[in-house]
Amino acid sequence: MDMTEGRIMPQLIRFAILAAIFAHPLIALLIAESDPEIIRVGVIALRVMALFLPALYLLCIYRASLQSMGDALTPMLSGFAELALRIACVAALPPFIGVVAAYLADSLGWVAAMLLLMTVYSHQKSRPSRQAI
């Protein structure tokens, strides 16, 4: 069975949708300030990140899978790729999309790291397994 099948992924996607829908009350619970501007910024950030939560879920699954297969290097490199993309987004995108670039930086880092891990996982999974002697 593929790791994206089953019951957990639909539940996690529902959670991401609920986080986007109920962003305002969730942010209001977390922030003591009642300044509408602070809450507005928090709501936008949460909604942008909620769109990419499924990628984060898969990132965690693939990272743990590769580590359990004895591959520590690829998950570490994916962390560096994630960080590099975050820095690049924050450095390059604000002139084009403003402050939303900061919100997207985390999310795009998750997607890039997930794609790297997914590719390596698929490659390792397709190789014939070696039996221990």
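**Group meeting: a greasy patch, a core and two cysteines**

Okay, let's start on the outside: Ile 13, Ile 17, Leu 18, Ile 21, Phe 22, Leu 26, Leu 29 and Leu 30 make a nonpolar surface patch of about 820 Å². Patch members have over 30% relative accessible area and no salt bridge, and nonpolar side chains are joined within 5 Å. A salt bridge, by the way, is a side-chain nitrogen of Lys or Arg within 4 Å of a carboxyl oxygen of Asp or Glu. Areas are Shrake-Rupley values with a 1.4 Å probe.

Quick note: this is a predicted model, where local features need pLDDT of at least 70, side-chain atom pairs need 80 or more, and totals for chains, interfaces and linings use all residues. Numbering runs from 1 along each chain, and side-chain values use heavy atoms, without hydrogens or water.

Helices H1 (8–21) and H2 (23–30) each supply at least two patch residues, and H1 gives the largest share, four. Helices here are DSSP runs (H or I) of at least four residues. Leu 18 sits in H1 and is partly exposed at 44%, meaning between the buried cut-off, under 20%, and the exposed one, over 50%.

Now inside. The largest nonpolar core has 18 residues, and Leu 53 and Leu 59 touch the most other members. A core is buried nonpolar residues joined through side-chain atoms within 4.5 Å. H4 (53–68) brings the largest share, seven residues.

So what about disulfides, sulfur pairs within 2.5 Å? A search of the whole structure finds zero. The sulfurs of Cys 60 and Cys 89 are 19 Å apart. Cys 60 is partly exposed at 44%, while Cys 89 is buried at 5%.

Terms used. Patches are made of residues with over 30% relative accessible area and no salt bridge: like charges are joined within 9 Å, nonpolar side chains (Val, Leu, Ile, Met, Phe, Trp, Tyr) within 5 Å. Buried means under 20% relative accessible area, exposed over 50%, partly exposed in between (1.4 Å probe, protein chains only). A disulfide is a pair of cysteine sulfur atoms within 2.5 Å.
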